[in-house]
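Reader: Here's a model I'd like to go through with you, questions first and answers after. Shall we start with the empty space inside?

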Amino acid sequence: MSCSATENITALARDAVLYTLPLFEMARARAAMCPRRDDSGQFAGDSPDSTLGWVNQLVRGRQLLGPRNREVVTPNNDTLYLSAWLDLGDEPLVLEVPDTADRYYVLGLLDFYTNPFESIGTRTTGNGARRFLLHHGKVAPPADDDLTPIACPTRDVWMIGRILVDGKDALAAVHALQDRFVLKTLSGQPAKRRFDVGVPRRAAVGDPRLYAAVVNAALVRNPPPAAESALVAQFAAVGMGADIDASTLEAPTLDAVGRALDQVIGELGVPQPSALGGGWFLPVEVRASFGDDYLTRAHVSRNYIGALGIEEAMYVAADCDSEGRPLDGRYAYELSFPPDGLPQAQAFWSITMYDKASCMLVDNAIDRYSIGDRSPQLHYDEHGLTLRLSAAPPADAATRSNWLPAPDDLFYIILRIYIPSVVHLEQRFRYPPIRRVQPHEGGVRPDRSSAAS
């Protein structure tokens, strides 16, 4: 193969991986989260290794997520999740939503390319009881004034819901509310059915043959939009397409895909520039679709899968301080919101801590994983609200009440603003700089070797 042909294949493989990575990540998330048992306890498969699960079944998360929950990267610690993996290929589904009174909730709908094409909830459809008809393709919804139709771009859809929890005392009330969300068929029968997720539940992204097999199966069920079909057809040259059997791919093709996977995953892990100043950037700035911005789509699918559209929730992130140095729990950091400069959220806001390597919540002695406008015992003063980020606890009690524990290593934080005001959407809000404090100001500087597991 000539040098130029090799370069062409290398570039094409990279383009193919960038485009298809969301398909793989969605399939991998579905494999990890698709329930093995239904509400009655019945297993979909006949062995622990079975790849059968239940689709079209609501999964009700009963506890706020913590460090031991490893299914989804960058999870929130403010809401209970309510989710379902949907297959709309055979018939539409009816979703019944209860009256949630004044409690914030949202059900985000993601197509299999991770576009957050629609949402149901407080902001868009209100808090009253409603019935929705989710349908795909040429299946025509019935004429029924009681059903609000929602057309879904792909056969496979992830519905990922969030219901606000105002402290642990509210869990019982939210549990009761969760139980009143219902999925059923048009005839009124339970919608659940068995489905082969086709991916090991702990699948890694590095195996090029597995990657191609998963992507090709996803393309069969979820073809690209017509405007992108010619682009996707080119990927056949590197083993990706709806009519390609990945088991027949030869070594040169697999090598090209493997190198592209390594390259793309490496690129997506590079810190983003502090476009908002002070160490902050906006990793997800999508409304209903990423359009042809495949790089951003891949980045979000890899690092923030399940993210809502920006009008529903803004995820403002930081992995460096105001001087561009990586955030490291061996140091202490402060960020101060002035009295008139707190985040402006019509629902709520919070800041959550994550380990940089795993993108997961961080275990700590006080079981605090996020801090925000609903946190009890926050200390405000004439300067506003000053938060402390560090692995070591602050020395004084006032600062400790505003302490968000960090790992003894690299970390990042996410400021979530649910139903952000226009000042955020137009990026006119001034985010406080993340200032590194000398280690002796933030307590004892911990030794990496003594960090708790």
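Reader: Which residues lie nearest the centre of the largest cavity?

Author: This is a predicted model, where local features need pLDDT of at least 70, side-chain atom pairs count only at pLDDT 80 or more, and totals for chains, interfaces and linings use all residues. Residues are numbered from 1 along each chain as its sequence is written, and side-chain values use heavy atoms, with hydrogens and water left out. A cavity is a set of points on a 1 Å grid over the protein atoms alone where a 1.4 Å probe fits but cannot get out, and lining residues have an atom within 4 Å of a point. The lining of the largest cavity has 15 residues, and nearest its centre lie Thr74, Arg162, Ile305, Tyr315 and Arg416.

Reader: And what volume does the largest cavity have?

Author: Strand 9 (156-164) and strand 20 (411-420) each give two or more residues to its lining; strands are DSSP runs of E, at least two residues, and helices runs of H or I, at least four, numbered from the N terminus. A volume is the space filled by probe spheres set on the grid points, which are joined across faces, edges and corners. For the largest cavity that comes to about 130 Å³.

Reader: How many charged residues are in the lining of the largest pocket?

Author: A pocket is an open set of points with protein on both sides within 12 Å along at least five of seven lines. The largest pocket holds about 760 Å³ of space, and Arg28, Val73, Arg302, Ser358 and Cys359 lie nearest its centre among 33 lining residues. Asp, Glu, Lys and Arg count as charged, Ala, Val, Leu, Ile, Met, Phe, Trp, Tyr, Cys and Pro as nonpolar, and the others, Gly among them, as polar. On that split the lining has 17 nonpolar, seven polar and, to answer you, nine charged.

Reader: Is helix 6 (residues 294-303) largely enclosed or open?

Author: Buried means under 20% relative accessible area, exposed over 50%, and partly exposed in between (1.4 Å probe, protein chains only). The buried residues of helix 6 include Tyr294, Arg297 and His299. Seven of its 10 residues are buried, so helix 6 is largely enclosed.

Reader: Which helix gives the largest share of the largest nonpolar core?

Author: A nonpolar core joins buried Ala, Val, Leu, Ile, Met, Phe, Trp, Tyr and Cys residues through side-chain atoms within 4.5 Å. This one has 73 residues, with Trp85, Trp158, Tyr211, Phe235, Met240 and Tyr304 making the most contacts inside it. The largest share, 14 residues, comes from helix 1 (residues 3-33).

Reader: How far apart in sequence are the parts that Tyr19 and Tyr113 tie together?

Author: Rings of Phe, Tyr and Trp (its six-membered ring) pair if their centres lie within 6.5 Å; planes under 30 degrees apart are stacked, over 60 edge-to-face, the rest tilted. Tyr19 and Tyr113 sit 6.1 Å centre to centre with 70° between the planes, an edge-to-face pair. Tyr19 is in helix 1 and Tyr113 in the loop between strand 5 (105-111) and strand 6 (118-121), so the separation in sequence is 94 residues.

Reader: What geometry do Tyr104 and Phe348 have?

Author: Tyr104 is buried at 5% relative accessibility, and Phe348 is buried at 0%. Their ring centres are 6.0 Å apart and the planes lie at 75°, so the pair is edge-to-face.
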